[in-house]
Amino acid sequence: MNESAIQLAKVRRAINPVYLTAQSCIALLDRAGVEDARRLNAILGMRVPPMPGFMQVAPRQQEYLKRMAVALTSINETRYHATNNYFRSTGMRQFVDMPCGFVPRGLTLARQGTRYMGLDLPAVIDVMGPAVRRVANPGDDITYHAIDATNYASLSQALEGTSGELFVSTEGLFPYLTNTEAHQVIANVWRLLQGRGGCWVCTDFELDAWNRRITIESLERAEYGIDVEVLAKIASGSMETKMDSNFIEGSTREEITHVLEQAGLDVELVPLFDYLGDMKLLESLPEDRRDAVRDLYKDISFWVMTARERSTGETFTDESQDFRVSANYSGDQLFLHVSGRLDTLSAPKLIDLFQMASRRHRFERITVNMNNLEYISSAGLRALIIMYKSLGTRGAFKVINANKDVRHVIVMTGFAEALGI
Ligand SMILES: C[S@@+](CC[C@H](N)C(=O)[O-])C[C@H]1O[C@@H](n2cnc3c(N)ncnc32)[C@H](O)[C@@H]1O
């Protein structure tokens with residue numbers, strides 16, 4: 001690499017908030033004895049960074065933290081194998097790993113004839129592409145693409161040339177996304193699936209259950225007299241970025257389901273236990289302990305999402321006016337997704353689409369997703385009020401994900417309650 005390429009790689013790493021965590025994931029898989037991780041990590045040389053504050057806690061608590069590290073290793077190994085096993089069970093042939101991080105999944109799946117596409121931020125792809133090329137077999141169908149999961153154009157470009165169903169996995173992405181970013185990624189995955197078919201599998205929405213059951217319950221924290229605050233400090237110190245509006249931490253399971261459904265996705269929970277397969281780490285435990293650890297996975301599920309068939313696919317776009325609205329229906333509910341500027345020029349387009357939809361269906365509920373709406377004028381507000389009034393007293397109107405400025409306009413004009421803000 002020349003000087004400027006080295007500089008660029010440094011910058012890319014510095015702006016990637018989870019580069020270190022992604023490194024730990026392969027180091028943990030390597031430690032768990034996953035053969036492909038061992039081969040790949042022999043080149044990458046990645047390690048689990050030392051836990052900050054580790055030396056300051058009492059030896060007994062250090063012992064606890066060591067055991068917790070074993071539990072984390074087990075979580076990584078489980079997620080890796082179970083996702084691969086579930087993918088095989090679907091019979092699909094194209095795996096989109098987003099984000100791929102440094103996991104060696106391409107090597108594992110390509111051996112069985114899968115077309116594997118690893119997608120991640122440039123800092124990761126810079127390293128992963130060349131490293132995997134060194135250990136892959138000549139015929140392996142493995143490609144890597146620099147993307148940003150919140151940017152649809154980058155995804156569509158990466159998957160150009162693919163046709164047929166996609167199995168999209170987003171393992172380990174959502175813990176690092178803000179609310180706005182998470183909504184954008186969900187909308188993007190919907191667009192990918194809607195175009196090509198297939199499913200989206202995510203284990204992140206169960207993260208809390210994983211952490212609680214596997215790391216806390218399995219290790220009998222009380223036995224070590226661990227101070228929860230110390231633990232939290234160590235844990236937060238090891239996260240590169242702390243976000244104030246994290247999607248997962250800020251939402252219940254019901255809320256996450258609601259968001260997914262509103263984005264046009266059907267959600268099915270599939271028991272992960274059925275796909276555990278053989279895990280190296282478990283083999284090293286005494287039999288009774290092995291069963292106890294397996295049992296802990298019984299209540300944990302894959303979230304499997306498919307893009308809903310929509311009764312109409314009307315999508316209305318006017319890029320030149322910097323406005324986009326799309327509508328879809330489910331039963332008596334109308335979902336509208338607006339982005340850009342809702343002003344005097346664009347508001348009539350929203351009303352046009354609404355009236356067209358209303359001629360075909362009778363709606364009792366209207367939800368307007370504004371996560372990408374930058375600006376609303378009084379004309380835009382009037383368009384919302386027209387739709388709200390069309391429901392009469394029978395229905396419910398809700399605006400969701402409005403940004404601070406848009407929300408401010410709605411509140412200041414006295415329509416917050418009517419518009420469900
Ligand atoms: C904890 S790692 C998980 C990677 C891998 N799936 C695994 O299980 O090891 C999180 C990954 O998310 C990637 N990431 C973070 N924000 C992203 C974004 N906006 N778009 C794409 N990838 C992103 C990081 O580069 C990192 O590789």
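Me: Before we start, what makes a residue buried or exposed here?
Reply: A residue is buried if 20 or more other C-beta atoms, placed from the backbone, lie within 10 Å of its own, exposed if 12 or fewer, and partly exposed in between. Keep in mind that this is a predicted model, where local features need pLDDT of at least 70, side-chain atom pairs count only at pLDDT 80 or more, and totals for chains, interfaces and linings use all residues. Residues are numbered from 1 along each chain as its sequence is written.

Me: What makes strand β5 (residues 198-202) mostly covered?
Reply: Happy to show you: strands are DSSP runs of E, at least two residues, and helices are runs of H or I, at least four, numbered from the N terminus. In β5, 5 of its 5 residues meet the buried cut-off. Gly198, Trp200 and Cys202 point one way, Cys199 and Val201 the other way, and all are buried.

Me: Why are β4 and β5 said to pair?
Reply: Pairing requires that DSSP finds at least two bridges between two strands. Strand β4 (residues 166-169) and β5 have 4 bridges, in the parallel sense, so they qualify. Ser169 stands opposite Val201 in β5.

Me: What makes the crossover from β4 to β5 right-handed?
Reply: With the strands pointing away from the viewer, the path from the first strand over the helix to the second must run clockwise. The β-α-β path here goes from β4 through helix α8 (residues 179-196) to β5, and is right-handed.

Me: How do you know that β5 also pairs with β7?
Reply: β5 and strand β7 (residues 301-307) share 3 bridges in the antiparallel sense, so this pair qualifies too. Met305 in β7 is the bridge partner of Trp200.
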